[in-house]
Amino acid sequence: MELADVKRDIKRADLLQMYYYLRLTRALEDRVTALYRQGRIVGGCYTSHGMEAIAVGYASALERDDVIAPFHRDMGAFLIRGFTPGEVLAQYLGKRTGPTKGKDGNVHMGDLKRGVIGFVSHLADNLPVATGVALAFKIRGESRVAFAGTGDGGTSRGDFHEAMNFAAVRKLPVVFFCNNNQYAYSTPQRLQMAISDVVERAKAYGMPGQIVDGNDVAAVYLASKHAIAKARAGEGPTFLEFKTMRMHGHSEHDPAKYVPRELLEEWMTRDPILKAERLLMQLGYGDEVYFHEIGERTKKEIEAGVEFAEKSPLPEGKEVLEGVFATESEVES
Amino acid sequence: MTTATAASEVSYLEAISQALDEEMTRDERVFLLGEDIGIYGGAFRITEGFLQKYGEWRVLDTPLAESGFVGAAIGAAMMGMRPVVEMQFADFISCAFDQITEVAAKNHYRWGAAVPMVIRAPFGGGVHGGPFHSECPEGWFFHSPGLKLVAPSTPYDAKGLLKAAIRDPNPVIYFEHKYLYRRVKAVLPQEDYIVPIGKADIKRPGNDLSIITYGAMVHLALEAAQMLTNEGIDVEVVDLRTLIPLDKETVYGSVRKTSKVILLHEDNKTGGVGAEIAALLAEECFDSLDGPIIRIAPPDTPVPFSTPLEEFFLPKTADIISAARRLAAY
């Protein structure tokens, strides 16, 4: 990213807010990892460690009434949409105060009121869904955009292709992204596809695509902003490939010994938080003291969240029977 | 089967078309998507003229990608629209299985997002469709919590249930029987009406034996019931109309009255709707039963193409009559 471009195209307050959310995401997920290692969280723990800039960047670029269908390593998008650390931790702990009231765990959460589509483990399932969200906007003539993504592995699924194709044919207001962190669980990209850049896939649908440094929050923000503006203007969908690296295992149980150590060491130097700090210092927007203050602030917020989550009640067993069907009053209007 | 053609009568197919048209006029959130439904008017011509009347954003010809357009319907439904998806044939619903069972069926339970949508699935055999154009796939979805399943047998029910399905806040799969499209006709009320989801209908009252069925088999049961009057066997025909949620009260009520039961369906036998009802009756109506619970259903094979094979495959009135005679001995 050219410094002059960032200075011209991103407001100082917006960039500082993105930095805050990078730190909040890291602090929250580090706490989740610690709780997992202490045995206080059971089940999956899919963190975005080292990839935080993607969700923070794109979610910051969206308007409030746009709708996001996040990938499972997009914690920053949830936080920006107003999911509190307490709610997220309650979700991880299976508490009734979590967004799914214990019905589902970890990042499998959503809330239509906050414009977040609940994640489905079957990767790429939410891409057709986001296409339909955009279709509703288009039919009603609303100036809203859907933003949806999956990982490098998820782009192998038919749903990815069916969504990209339908959205392109109908020029729907949706932006697709791939969070390319080079591994789908243990499978490296070379065994996933015969191309080195996922963005190649966009061409087949007549869709513009762009490769973006996924560890540079400013780059993610600007590329997203541009694609969102095009979608909103009726120019149809764009595909963004955010290049990044998964720094932890697939889930926290996985030591990821299949990833070469040198690769991780190389990507450690590109850590999105370090990168953002260098940028803020170059722009004169922040210094070590400021970074430390933000660190303390986010730590406090996380600890308050842990307290909220731990004090929250577990659901009662019989609540399993609630909510299989919706009532008329629950339909979005 | 009614074959009269008075001017005021409408076919099962026309009843479906009327329901779609009236709901689209009544509620601008209702829109249609599927393969060949716009320019061509649908493989069975149910949406003929709809594109001209409602435009290309309410009648969408989609790419040939069932998972993609069912997913799109789910997304639009969550945004407050009322999509009605047409599967060209119910058989192709397998391509969208994941979206239906994992996304549509679970979204409300998992995170409170209502998915008010309808998937129309033209199902059933007797039309020389072969293994990929004759299936009865309701069994797959009968076992997936979060979905409602309906299967009308008459023009009245076809229209009323489709309207109810469109107005329901949940994902509903509407199994419409291809064999009935142009074969059954009826005079329908002029005014707006619905047939409530979850209510079975006694199509023929009787005292000696209950046949519990749905879809095209309702007509087979009625034919057999008529023939059995000659033998002094008074048959009650219960048309389930809705498979999920099942109207257990009506089913149990009928069986408690007659004490004998035949479960009849066109889906193959193992693990079908009849198997579940048989288990329910064994649990809940054991004391009322005076004979074995008999299932009449096709064998566990794909639906065959060639006429003698398909005739062998499908249940026949003779199967019902012989089962009724067997039960009469108890």
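Begin by selecting chain B together with chain A in this predicted model, where 35 residues of chain B are in contact with 40 residues of chain A. On the chain B side, colour helix 3 (66-78), helix 4 (97-104) and helix 5 (107-111), since these are the elements that give two or more residues to the side touching chain A. Among them, helix 3 of chain B gives the most, with 10 residues. If you then colour that side of chain B by class, you will find 20 nonpolar, 12 polar and 3 charged residues.

Next, hide chain A and split chain B into domain 1 (9-187) and domain 2 (201-328), whose C-alpha centres lie 26 Å apart. The contact between these domains of chain B takes 25 residues from domain 1 and 23 residues from domain 2. To see what domain 1 of chain B brings to this contact, select helix 6 (138-142), strand 6 (148-150), helix 7 (155-167) and strand 7 (172-177), each of which supplies at least two residues of the side that touches domain 2. By class, that side of domain 1 of chain B has 12 nonpolar, 9 polar and 4 charged residues.

Finally, bring chain A back and select its helix 10, residues 217-232, which has 16 residues and reaches 22 Å from its first C-alpha to its last, close to the 22 Å expected at 1.5 Å a residue. Showing side chains here, look for the buried residues of helix 10 of chain A, including A:Val217, A:Val220, A:Tyr221, A:Ser224, A:Ile228 and A:Ala231. The tour ends at A:Gly234, which follows helix 10 of chain A and has a positive phi, near 85°.

Technical notes
Residues are numbered from 1 along each chain as its sequence is written. Chains are lettered from A and ligands numbered from 1 in the order in which they are written. This is a predicted model: local features need pLDDT of at least 70, side-chain atom pairs count only at pLDDT 80 or more; totals for chains, interfaces and linings use all residues. Domain bounds come from an automatic or database domain assignment. Two residues are in contact if their C-beta atoms, placed from the backbone, lie within 7 Å. Helices (H or I, at least four residues) and strands (E, at least two) are DSSP runs, numbered from the N terminus. Ala, Val, Leu, Ile, Met, Phe, Trp, Tyr, Cys and Pro count as nonpolar, Asp, Glu, Lys and Arg as charged, and the others, Gly among them, as polar. The expected span of a helix is 1.5 Å times one less than its number of residues. A residue is buried if 20 or more other C-beta atoms lie within 10 Å of its own, exposed if 12 or fewer, and partly exposed in between; C-beta atoms are placed from the backbone.
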